[in-house]
Amino acid sequence: MTPSLPRQTPQPGEPPKPPEGRRHVIRRRALTLLIIVLLIGVPAGYLVISANQSRDSGKDKEKKYSATGLTAGWPSRVQRRLYQVPIPPYSDHVAYYETNNWKTSRLYVQFRTSNRGLDRMLAGVGADTEDLERGQISIDARDRRIVGWEFTRPGPWLGLVRERKNPEPTLDIVVNRSNPRHPMVYVVSRTTP
């Protein structure tokens with residue numbers, strides 16, 4: 001026996017309603033199903049899309065922060081300001097890499113610039129070309145190994161260490177002058193928080 005729903009008694013003087021036709025029942029059920037799909041399906045679809053985007057974003061961040069070695073492009077302005085590495089305008093072959101741990105943070109930067117750009121960069125760190133020492137490779141072997149720098153190409157090579165008190169970063173700078181008009185500059189800036 002199927003349970004029956006209680007029926008409303010018609011108001012006195014109101015003609016009784018005819019029984020619902022098959023087409024009307026199908027249309028009403030289809031409309032109910034459409035409403036359920038819209039109320040449940042659309043938010044569920046949105047959640048699936050949002051979850052996929054969030055997962056992809058996490059993968060991109062993981063890839064970025066697990067990268068080792070230099071990344072082509074300019075470090076952010078915040079990084080350049082924090083590590084006090086002024087990169088002259090119109091420099092090319094710019095690449096960088098940042099490492100952080102509880103003890104020391106480092107920013108590795110390389111770029112090719114003009115002689116005027118080199119003067120500008122050195123002035124930005126409180127030095128000039130006279131402070132560069134010929135034949136000095138001021139970036140230690142550990143730092144060179146981290147980013148894959150090998151200073152074995154023809155030189156002349158010049159170096160400079162710009163030591164400062166904390167919290168100011170210390171800069172190790174190496175310059176390759178094999179191209180007299182466009183020196184290649186390598187910088188390791190390290191700071192202890």
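Buried means under 20% relative accessible area, exposed over 50%, and partly exposed in between, computed with a 1.4 Å probe on protein chains only. By that rule β6 is mostly covered, with seven of its seven residues buried. Helices (H or I, at least four residues) and strands (E, at least two) are DSSP runs, numbered from the N terminus.

The model is predicted: local features need pLDDT of at least 70, side-chain atom pairs count only at pLDDT 80 or more, and totals for chains, interfaces and linings use all residues. Residues are numbered from 1 along each chain as its sequence is written, and side-chain values use heavy atoms, with hydrogens and water left out.

## The sheet

Seven strands form an open sheet in the order β1-β2-β3-β7-β6-β5-β4, with antiparallel pairing. The edges are β1 (71-72) and β4 (133-134); each has a single partner strand, so one side of each is left without a neighbour in the sheet. Two strands pair if DSSP finds at least two bridges between them. The table lists three of the pairings and one bridge from each.

| Strands | Bridges | Sense | One bridge pair |
|---|---|---|---|
| β1 and β2 | two | antiparallel | Ala72 and Ala95 |
| β5 and β6 | six | antiparallel | Leu158 and Val175 |
| β6 and β7 | seven | antiparallel | Asn176 and Met184 |

The side chains of β6 fall into two sets. Thr170, Asp172, Val174 and Asn176 point one way, Leu171, Ile173 and Val175 point the other way, and all are buried.

## Nonpolar cores

A nonpolar core is a set of buried Ala, Val, Leu, Ile, Met, Phe, Trp, Tyr and Cys residues joined through side-chain atoms within 4.5 Å. The largest one has 21 residues, of which Val85, Ile173 and Val185 touch the most other members. Two or more residues of this core come from each of β2, β3, α3 (115-124), β5, β6 (170-176) and β7 (184-191). Separate from it is a second core of 11 residues, which includes Tyr108, Trp149, Phe151 and Trp157.

Which residues does Val85 contact, leaving aside its neighbours within four places in sequence? They are Arg80, Leu107, Val109, Leu171, Val187 and Ser189, where contact means heavy atoms within 4.5 Å.

## Aromatic pairs

Rings of Phe, Tyr and Trp (its six-membered ring) pair if their centres lie within 6.5 Å; planes under 30 degrees apart count as stacked, over 60 as edge-to-face and the rest as tilted. The structure holds seven such pairs. One of them joins Tyr97 and Tyr108, which are tilted at 35 degrees between the planes and 6.2 Å centre to centre. Tyr97 is in strand β2 and Tyr108 in strand β3, so the pair ties together parts that are 11 residues apart in sequence. Tyr97 is buried at 15% relative accessibility, and Tyr108 is buried at 0%.

Another tilted pair is made by Trp157 and Tyr186, at 6.2 Å centre to centre and 35 degrees between the planes. Here strand β5 supplies Trp157 and strand β7 supplies Tyr186, so the pair ties together parts that are 29 residues apart in sequence. Trp157 counts as buried at 10% relative accessibility, and Tyr186 is also buried, at 4%. Ring pairs link Tyr97, Tyr108, Trp149, Phe151, Trp157 and Tyr186 into a cluster.

## A buried arginine

Arg106 belongs to strand β3 (residues 105-112). Is Arg106 buried or exposed? With 14% relative accessibility, Arg106 counts as buried. Its side chain makes a polar contact with the side chain of Asp143 at 3.3 Å. A polar contact is a pair of N or O atoms within 3.5 Å; within protein, one must be able to donate a hydrogen and the other to accept it, and residues adjacent in sequence count only if both atoms are side-chain atoms. Leaving aside neighbours within four places in sequence, the residues in contact with Arg106 include Tyr83, Tyr97, Glu98, Arg142 and Val188.

## Backbone details

Tyr90 has a positive phi, near 65 degrees, in a residue other than glycine. Tyr90 sits in the loop between α2 (77-83) and β2 (92-100) and is exposed, with a relative accessible area of 83%. His93 is not a glycine either, and its phi is positive at about 50 degrees. His93 is placed in strand β2 and counts as partly exposed at 48% relative accessibility.

The peptide bond that joins Gly155 and Pro156 is cis, with omega about 15 degrees. Pro156 lies in the loop between α4 (141-147) and β5 (157-162).
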